[in-house]
Amino acid sequence: MARRRHKKRTHVGAQNGPSTGVPPNSSAVRGPKTMVIRMGAGDMGSSVSQLVKDVRSMMEPDTASRLKERKSNRLRDYTTMAGPLGISHLLLFSRSSTGNTNLRLALFPRGPTLHFRVERYSLCKDVRKALRHPKGGGKDYLSPPLLVMNNFVSPEEGNQSKHSVPKHLETLSTTLFQSLFPPISPQSTPLSSIRRVLLLDRQIPKSTATADFTEASPYVINLRHYAIVTKPTGLSRGVRRINAAARTLKERASRKGMPNLGNLEDVADYILDPSAAGAGFTSGSESEMDTDAEVEVLDVNRRKVLSKKQVGEARKSEGDGQHGVTGAQKRAVKLVELGPRMTLRMTKVEEGVCGGKVMWHEYLSKSEDEIKEMESVWETRKREKAERKRVQKENVEKKRKANASTGEATNEVQEGALDEDDSDDSEGWDDEVSETEQDPK
């Protein structure tokens, strides 16, 4: 008779993680998760669709890598599911009527949203074709990349253009990009888990002596994606070939890459003679890397636990000047580009998720009176929205009390009321958003 199956994941006694008072989907216990979306999937084109796939692979592992979009999907469809799935950031690719590719980076659920125009981009396959020795994926995408940011805060200058990005918005964009990936703790994060680097380099505009302040100072970011490759230094080419062949034999049953020692009388001839390892030919690339590219890495192998007596003897030997092996080894570090490449130009910053008060615009500027008038309009909208919510809540409570005697559920009524409120509020934003998105050119 077959043994009865016991469910262990969703029933009593299941060990689904630490038993804490914080809900599993709370922001206190979850890391940042992203969702890369094509808005209007049918009108994007093959190149932009492939760019979206490359960006998803770059954001691995905390992203929806197998997301399927439909042409009929709207932004509301994704924001509805972003909450239950624990999504913290939305990357929305779209194409305008003029053919420009745009990117919106939104922090969910409160905003803000950064609008970028993708001026230039290169796909991963194009980057691999340009490299002599491209590097594939594999285990590099099992951990998030290391984020490196450069020149995100512009230097202090006396004269600033009226279209240039204010200092507080520079800090806001820096914080938003930093929140895309989980923070790294130098004390607890193992070095072996850092396998990729995401570089964001901002192009600083011209100096004040040559800049033309009648035009806008662009906020341009160059994005690059690299893989970290390390190799031990201080070894001859022959030893490196033997180590590489040994790793290959462990992974697959093949003798490809194993050096041929049949023509040599002793293995020392292969190791000590550099020409023997290269079949009689050497090149300048066989020399060691510069010392600037070398780092010392502690040995990550398991060590034997010493007793108190052994620890005391080791300390005594160190005090006598007999220093043992520290377990550190020198390794040469090299970066190999994975792709994609993108050149992003910021055009607008607004509150909320893809809708709300415009905080900065590259092409449009308003006077102080116009800003005060816009502030008063938004304050009026906020008061009207709060009043609608209060009235809807009172109506829901009345219906709940009326249906309590009959036992009817009122969850659907509450959800419908909230949906109606959001739709009314989004209609009020259309005028402001459409006005700010017009290009005066």
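**Exercise 1.** In this predicted model, determine whether E394 is buried or exposed, or in between, and identify its salt-bridge partner.

*Solution.* Step 1: E394 has a relative accessible area of 37%. Buried requires under 20% and exposed over 50%, so E394 is partly exposed. Step 2: the side chain of E394 forms a salt bridge with that of R390, with an N to O distance of 2.7 Å. Step 3: both residues belong to helix α9 and stand four residues apart, about one turn of the helix. Step 4: R390, at 39% relative accessibility, is likewise partly exposed.

**Exercise 2.** Locate the residues of the salt bridge between E375 and K357, and state the accessibility of each.

*Solution.* Step 1: the N to O distance of this pair is 3.1 Å. Step 2: E375 lies in helix α9 (residues 368-404), and the pair links distant parts of the chain, 18 residues apart. Step 3: K357 counts as buried, at 14% relative accessibility, whereas E375 is partly exposed at 31%.

**Exercise 3.** Which strands are linked by the salt bridge of R345 with E119?

*Solution.* Step 1: the closest N and O atoms of R345 and E119 are 3.6 Å apart. Step 2: R345 is in strand β10 (residues 341-350) and E119 is in strand β4 (residues 113-122), 226 residues apart. Step 3: E119 is partly exposed, with 33% relative accessibility.

**Exercise 4.** How many salt bridges and how many disulfides does the structure contain?

*Solution.* Step 1: the salt bridges number 13. Step 2: R38, R56 and E69 are joined in a network of salt bridges. Step 3: a search of the whole structure yields zero disulfides.

Notes
Residues are numbered from 1 along each chain as its sequence is written. This is a predicted model: local features need pLDDT of at least 70, side-chain atom pairs count only at pLDDT 80 or more; totals for chains, interfaces and linings use all residues. Side-chain values use heavy atoms; hydrogens and water are left out. A disulfide is a pair of cysteine sulfur atoms within 2.5 Å. A salt bridge is a side-chain nitrogen of Lys or Arg within 4 Å of a carboxyl oxygen of Asp or Glu. Helices (H or I, at least four residues) and strands (E, at least two) are DSSP runs, numbered from the N terminus. Buried means under 20% relative accessible area, exposed over 50%, partly exposed in between (1.4 Å probe, protein chains only).
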